[in-house]
Amino acid sequence: EAPCFAPPRAPSSGWPWYQDNTVFGEQYNEAIDVKSAEDWSAQIDVAAQNSLRSALAPAGGWLTVVMVHVLWSADSMKLMPRYTELVPMYPYVTFLSVRADIRGLHKVVKDLGVEQFPSFFLMRKCKMVEGSLITGQDRTLERLMRALADNVTEADRSAYTQYLVKQREEAGENVEDLDGGNEDTEVLWNWDVDCCGPSIRVFEQGLAAELCNEDEDKGERAVWEYQVNANDYYGGGHDMDLEWKAMADDLQQELERRFLRGVFFQSQSLHIRGSRFSRGLSLEWSILSENRGLKISSNMFEGIIGYWDDEEEESFKLRRLGERVQIKGEEKVLTKAQEELDQKIRAFK
């Protein structure tokens, strides 16, 4: 089982679907605005606060994210809404918002050594986590999320679960669902608000989240695959019993180069000569046929039939799997549904 939740989204958000469960009593984590130097001292010293959350803090103290910004910085104002959307993803982290242009907070910011706005850093037990200072506009929130992934511990999640249990027990609510999970197999799913990469894909019915391996190469290229014995390829569909195999590396590069140049939308056939590493092949497809031609569906490009130069009769299907790339001339084969989907994705990004 994977516990999931939907953070609140403003109607003006770039997300294609809107969901906000606050009307059902759901509460979401929010950034705390620090109003003075005294307020800053109180917020970072959780142990001194007489509250249930401070009493159940993990041994190392709650992890705190601090955003330092100013109203006169265009970069700060641009990043603030996205930072606000990030906060509900981490209910076990305290988020503070510090305005350096407020009287009394200037000295606090100076003591922290922050000179650029906006800046982010992590804290535990009133001390800045070493190497956690993040500045600049280059994928700032993505870097912040990576820092959180490196510093959030199982103790943080466990302490927050116990906090919810105690909180709901005091309210007389059922806590069985919260306290009965297996921490060893618990999987946390989060929305990535800074980039739409392999972790989130947008389909016709909305958002679909995939569990990503953090060790995967984020810059992985598109893959060209073939499936042999495609006797009735133009009849549509895929034979699920047949295996898809990746093309040789040199053919992969050549096919991708031709694809990005728009060759598949300028003609209806292509021949690639063989090399000492791979066989040559001939490809053919239809641009004009609605049912038997090229097809673009989210991250898949298909509708091509091929023949190896050294095999006269055996044909194969060819497809491209990878990030959706819009190519000049593709409008000839785009369906209305895919055009609407592309519009949603552009609005989202």
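Select helices α3 and α5 to begin: the two are roughly parallel to each other, because their packing angle of about 30 degrees falls under the 35 degrees that marks this class. The model on the screen is a predicted one.

**Stop 1: the α3 and α5 pair**

With both helices displayed, note that their axes lie 11 Å apart. Rotate the view until one helix lies in front of the other; α3 passes α5 in a right-handed crossing. Next, show side chains at the contact. From α3, select Leu79, Arg82, Tyr83 and Leu86; from α5, select Thr140, Leu141, Leu144 and Met145. Colouring these residues by class gives six nonpolar, one polar and one charged.

**Stop 2: Tyr83 and its surroundings**

Keep Tyr83 selected and hide the remainder of the contact. Which residues does Tyr83 touch, leaving aside those up to four places away in sequence? The partners are Ala31, Val65, Met67, Phe95, Leu96, Phe120, Leu141 and Leu144. Two of the α5 residues from the previous stop, Leu141 and Leu144, thus reappear in this list.

**Stop 3: the largest nonpolar core**

Widen the selection to the largest nonpolar core, a set of 28 residues. Tyr83 is among the residues with the most contacts inside this core, together with Tyr90, Val93, Leu144 and Leu148. To see where the core draws its residues from, colour the elements that each supply two or more: the strands β2 (64-69) and β4 (119-124), and the helices α3 (74-86), α5 (140-151) and α6 (154-170). The greatest contribution comes from α5, which provides five residues.

**Stop 4: a separate core**

Now move to another core, which lies apart from the largest one and has 25 residues. Suitable residues to select here include Tyr226, Leu255, Ile272 and Leu334.

**Stop 5: Gln338 in α9**

Select helix α9, residues 336-348, and within this helix pick out Gln338. Is Gln338 buried or exposed? Its relative accessibility is 5%, so Gln338 counts as buried, the cut-off being under 20%. Displaying its contacts beyond four places in sequence brings up Ile296, Ser297, Ser298 and Arg324.

**Stop 6: the whole chain**

Finally, return to the full view in cartoon representation. The protein chain contains nine helices and 15 strands. Of its 349 residues, 41% are buried. Among contacts with a sequence separation of 6 or more, 63% join residues 24 or more positions apart.

Key
Residues numbered from 1 in each chain as written. Predicted model: local features only at pLDDT ≥ 70, side-chain atom pairs only at ≥ 80, totals over all residues. Heavy atoms only, no water. Core = buried A, V, L, I, M, F, W, Y, C linked by side-chain atoms within 4.5 Å. Buried < 20%, exposed > 50% of the residue type's maximum accessible area, 1.4 Å probe, protein only. Helix = DSSP H or I, 4+ residues; strand = E, 2+ residues; numbered from the N terminus. Contact = heavy atoms within 4.5 Å. Axes fitted to C-alpha atoms, helices over the stretch in contact; angles between N-to-C directions. Parallel < 35°, antiparallel > 145°, perpendicular 65-115°, else oblique. Left-handed = near helix turned anticlockwise from the far one by under 90°. Nonpolar A, V, L, I, M, F, W, Y, C, P; charged D, E, K, R; others polar.
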